[in-house]
Amino acid sequence: MKLKEYRLLDYKIGMRTYKTSLAVFICIIVYQIAHWENPFFAVIGAILSMETSIISSFKVGRDRLMGTALGAIVGLGFTLISPRDALLSALGMIIIITICNIFHWNKSISIAGVVFISIMFNIGGLQAIQYSINRILDTSIGILIGLAINFLIAPYNFENSIQRQLSSLNKEFNMLIEGYICTYVKENSCPKDCCKLINRCIGTISDGLNQLKGELKEYLDEIKVQQANQQRVQDIIVTLEIIQETYSHFKVIAPIVCERKVNELNFEKLESLGFVVHRYYCNENLNSLDMIYNYHLGIILENIELLDN
C-alpha cells in the first residue's frame, strides 16, 4: 500500500495534460459567452487535436475536419432521400470508406462514419442541413482552439528530446563495449549468456532508433513550416546516420562476439577512447571470424569517436 501511495505522489502531470484541460475549458467558456449550442463536438475536436507537436496537431485536426465534412455531406444527401433507412445507411458507409481509402484519409473514416450515422438517425429533413453545417463549424472551432493552445503554450521542444535520445543511444553503445568487448579483453572470459545479453541490448537500441526516427520525421515536418536553421537539422541527421551504422555493425558481430581476439589497431582505439583494457591475445593467431569481428569493431570504435566529439 505504501509503495502504491509513493508512486501516486511521485507521479508528475505532463504539460500536454494541462494544455488539453485548458483547451476544454476555453471551448466551453466560448460557447457559454456566445450562447451557442452544446460545445460537445468542439470539445472533442480540441481534445483530439492536442498532439505532441504543432504539425501532429494540425494533421489530426485536418483528418477530423475532413471526416466530419465528408460524413456530414453524405449524411445530408442520404437523410434527404430516406432517413433511418438500413440499406442507405450501409451504402453510405461503403461510400465513406471508399472515398477515404481513395484519398488516403484512413484516419478520417471513424469520425466520418459517426457523423454520417448521427445525421441519418437523429436528424431528419431540412434540419439536417443546419445540423451538418453546425457540426463542421463546431469541429473547426475546437481544432483551432486546440492548435492555438498547442502553439502558444510550451510548444514541444524536439531538439532537446532528440538530443537526449541521441545521447542515450551513444551511452548504450559505450555500455556494450565496456560490458562485453572490454570485459573479454581484460579478463579473457565472456560473461554468462553473452550473446543473449548483447542481443537484448541491441533490441533496446533498435526500439530507441525507431522511436527517434519517428520523432525526427515530425521534427523535419515542423522545421519546413518554421523555416528554422537547416544546419542544426543536418547535424542531427548525420548523427543519426552514424548511430544507425554503428547499430548495424553491432548487429553483425553480436553472434560472434564471445571469445574473439582484438587486433592491435582496435586495442589502441579502445585505449584512446578511455576504455580500461589489458593486453590479451592482441594480433596472436587471428582466425577468419576474428578478422571479421575486428573489421566491424573498428568501424564501431571510429563511430563512437565521432559521436563523442
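The buried residues of helix 3 pack against three other helices: helix 2, helix 4 (54-81) and helix 7 (127-152). These buried residues are Phe41, Ala42, Val43, Gly45 and Ala46. The model described here is predicted.

**Overall make-up**

The protein has twelve helices and zero strands. Read from the N terminus, its elements are therefore α-α-α-α-α-α-α-α-α-α-α-α, with helices numbered in that direction. The protein has 309 residues, and 41% of them count as buried. Its accessible surface is about 17500 Å², and carbon and sulfur atoms account for 61% of that area. When contacts between residues at least 6 apart in sequence are considered, 76% of them join residues at least 24 apart.

**Helix 2 and helix 3**

Two packed helices are described by the angle between their axes and by the distance between the axes. Helix 2 covers residues 15-34 and helix 3 covers residues 40-48; the two pack at an angle of about 155°, and their axes are 9 Å apart. Angles over 145 degrees count as roughly antiparallel, so helix 2 and helix 3 are roughly antiparallel to each other. Their crossing is right-handed.

Which residues of helix 2 meet helix 3? On the side of helix 2 they are Thr20, Ala23, Val24, Cys27, Ile28 and Tyr31. On the side of helix 3 they are Ala42, Val43, Ala46 and Ile47. Ala42, Val43 and Ala46 are also among the buried residues of helix 3.

**Two buried polar residues**

Glutamine 165 is found in helix 8, which spans residues 158-187. Is glutamine 165 buried or exposed? Its relative accessible area is 14%, and buried means under 20%, so glutamine 165 is buried. Not counting residues up to four places away in sequence, glutamine 165 touches Gly208, Gln211, Leu212 and Glu215. Leucine 212 is 47 residues from glutamine 165 in sequence, while their C-alpha atoms are 6.8 Å apart in space. With glutamate 215 the contact is polar: side chain to side chain, at 3.2 Å.

Asparagine 266 lies in helix 11 (residues 264-272). Its relative accessible area is 2%, so asparagine 266 is buried as well. Leaving aside neighbours within four places in sequence, asparagine 266 is in contact with Asn294, Leu297, Gly298 and Leu301. A polar atom of the asparagine 266 side chain lies 2.9 Å from the backbone oxygen of asparagine 294.

**Two loop residues with positive phi**

Most residues other than glycine have a negative phi. Histidine 104 is not a glycine, yet its phi is positive, at about 60°. Alanine 154 also has a positive phi, near 40°, in a residue other than glycine. Where do these two residues lie? Histidine 104 is in the loop between helix 5 (86-102) and helix 6 (109-122), and alanine 154 is in the loop between helix 7 and helix 8.

The table sets out the values for these two residues.

| Residue | Phi | Relative accessibility | Class |
|---|---|---|---|
| Histidine 104 | about 60° | 66% | exposed |
| Alanine 154 | near 40° | 41% | partly exposed |

Exposed means over 50% relative accessible area, so histidine 104, at 66%, counts as exposed. Alanine 154, at 41%, falls between the two cut-offs of 20% and 50% and therefore counts as partly exposed.

Notes
Residues are numbered from 1 along each chain as its sequence is written. This is a predicted model: local features need pLDDT of at least 70, side-chain atom pairs count only at pLDDT 80 or more; totals for chains, interfaces and linings use all residues. Side-chain values use heavy atoms; hydrogens and water are left out. Helices (H or I, at least four residues) and strands (E, at least two) are DSSP runs, numbered from the N terminus. Buried means under 20% relative accessible area, exposed over 50%, partly exposed in between (1.4 Å probe, protein chains only). Contact means heavy atoms within 4.5 Å. Accessible areas come from the Shrake-Rupley method with a 1.4 Å probe; for residues, only the protein chains shown count as cover. A polar contact is a pair of N or O atoms within 3.5 Å; within protein, one must be able to donate a hydrogen and the other to accept it, and residues adjacent in sequence count only if both atoms are side-chain atoms. Axes are lines fitted to C-alpha atoms, for helices over the stretch in contact, and angles run from 0 to 180 degrees between N-to-C directions. Angles under 35 degrees count as roughly parallel, over 145 as roughly antiparallel, 65 to 115 as roughly perpendicular and the rest as oblique. A crossing is left-handed if the near helix is turned anticlockwise from the far one by less than a right angle, and right-handed if clockwise.
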